[in-house]
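Reader: I'd like to learn how to read sheets and a ligand site in a model like this. Can you walk me through it?

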Amino acid sequence: MTLLTPPAAVAPTRAMPARLFAAGPRADAAQHAACYGPLPGASALVEELRASGLTGRGGGAFPVIAKIDSLTGPPTTLVGNGSEGEPLSRKDATLLHHAPHLVIDGLLLLGAALNPGARLVIVAHADGVDSLRRALLERGDGQGIEVRVAEDRFVAGEATAVVSSLSGEPALPKDHPAHLTERGLGRRPTLLFNVETLAHVALIGRYGAAWFRGLGTPDDPGTRLLSISGDGIGEHVLEAPGGTSALDALTAVGAEAGSIQAALVGGFHGRWVPARRLARPLTARPAGDGEGVAVGAGVILALGAATCGLSVTGSILRYLAAESAGQCGPCVLGLPRLADRFDEHASGRELDAGHVWQLIETLPGRGACHHPDGTAALARSALTVFTDEIDRHRAGTCSEGRHR
Ligand code: SF4
């Protein structure tokens, strides 16, 4: 199973209602305008966003209107974040490759609504940067938008890391930062949204909140992009209505339900979900036990029956330990030890469950950002979901057929 490749665009899979890719592959300005119509005025945008219930599509699922309402003044900088540090995510790269004009529209609309004089910036990886620059040359507006290259590391996409990078510092999360909407870039109110969020803003600005709520559920309205990969199914980006289950999304891209033992939902800071729970709806915010599965960064990784979940988790933990900013105790001391324990266990040594659980419980809440918390949650879910695998390892075998 290949886990760690740089972000790249893939062809969007058309298996469910498509809004964000309706203009077709690599839509230019003319195709974009023919599909969606001209950019509207922004006078009603904020109230339409309030009624829409749109949540951020970068992973935190924070309500868009709550972020706008928390501004302590007109934002001096608006940022579109396409940093996509999550190694399994392809959705932002795919969106920028095929529908850059929607992202530009969303940023222009928000700027017009909140502060027409604001600095507008989009941060993206190389392919997205090329696509955005080409799109900006095609249109008459948006000439003031800056396009910046994102750093290629896991924590570089975190909001305060992006703002640090824009101010000329390393793209690392800030230790106990003020809210960006209060003191962000240049210590002035700053608004940052994931690029997919901006694309939805562009559509809500055109068609309104009621149209947006025409798909999805009351609690999770609209659609979202999912990056789907795993054993035997390749890589896909699927636009799915809120409330879709991981199982429906996987089968929509060709996975056989019976061949999946579990799926990692939400990305490297997500959770392993056993096959019997994959039919539960994906939810924007963490759901109560038995109610749903938090979709996080929109990533679903399917694990086939012949792949060892402990081994895959060990690889991810090793990656996450190396990707920390190296500035806080739990990352410097705890994450490498946790990765070591999983590696040892995957290679046949008896799991010291007490030590692993102790490590997991001491990581959360002690770093400057949520990297240790997310990593601990992933490890916790692996120990909970792969209990049969732990027993197999104790007996000297594993799903991949290896023996001590
Ligand atoms: S918790 Fe870890 S990733 Fe986050 S800022 Fe501290 S060292 Fe960096």
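What follows is a chat about two sheets, the helices on them and the ligand site.

Author: Sure. Keep in mind that this is a predicted model.

Reader: Let's start with the sheet of four strands. What is the order of its strands?

Author: To read a sheet, go across it from neighbour to neighbour rather than along the chain. Here the order is β4-β3-β2-β5, the sheet is open, and the pairing is parallel.

Reader: Which strands stand at the edges, and why is one side of each left without a neighbour?

Author: Those are β4 (146-149) and β5 (190-194); each has a single partner strand, so one side has no neighbour in the sheet. As for twist, neighbouring strands here are turned by 20° against each other on average, if you ignore direction.

Reader: How many bridges pair β2 with β5?

Author: Five, in the parallel sense, with β2 covering residues 77-82. For a concrete pair to click on, take V79, whose bridge partner in β5 is L192.

Reader: Which helix touches β2, β3 and β5?

Author: That's α8 (residues 195-207), which packs on the sheet with its direction at about 90° to that of β5. Then there's α6 (residues 126-138), lying across β3 (119-124) and β4 and running at about 165° to β4.

Reader: Now the sheet of six strands. What is the pairing there?

Author: Mixed, in an open sheet ordered β1-β7-β6-β12-β8-β9. At the edges you'll find β1 (12-13) and β9 (271-274), each pairing on one side only.

Reader: How many bridges join β1 to β7?

Author: Two, and β1 runs parallel to β7 (residues 236-241). Within that pairing, T13 stands opposite L238 in β7. A helix packs on this sheet too: α14 (residues 371-385) touches β8 (260-265) and β9, and its direction makes about 25° with that of β9.

Reader: On to the ligand. How many residues surround it, and which are the closest?

Author: With a ligand, list the shell, then sort it by character. The shell holds 13 residues, and the closest are A325, Q327, C328, C331 and C369.

Reader: How does the shell divide into nonpolar, polar and charged?

Author: Eight residues are nonpolar, five are polar and none is charged.

Reader: And what is the largest cavity?

Author: It's the space taken by the ligand.

Technical notes:
Residues numbered from 1 in each chain as written. Predicted model: local features only at pLDDT ≥ 70, side-chain atom pairs only at ≥ 80, totals over all residues. Heavy atoms only, no water. Pairing = 2+ DSSP bridges. Axes fitted to C-alpha atoms, helices over the stretch in contact; angles between N-to-C directions. Contact = heavy atoms within 4.5 Å. Near = heavy atom within 4 Å. 1 Å grid on protein atoms, 1.4 Å probe; cavity = no way out; pocket = protein on both sides within 12 Å on 5 of 7 lines; lining within 4 Å. Sits in = over half its atoms within 2 Å of the grid points. Nonpolar A, V, L, I, M, F, W, Y, C, P; charged D, E, K, R; others polar.
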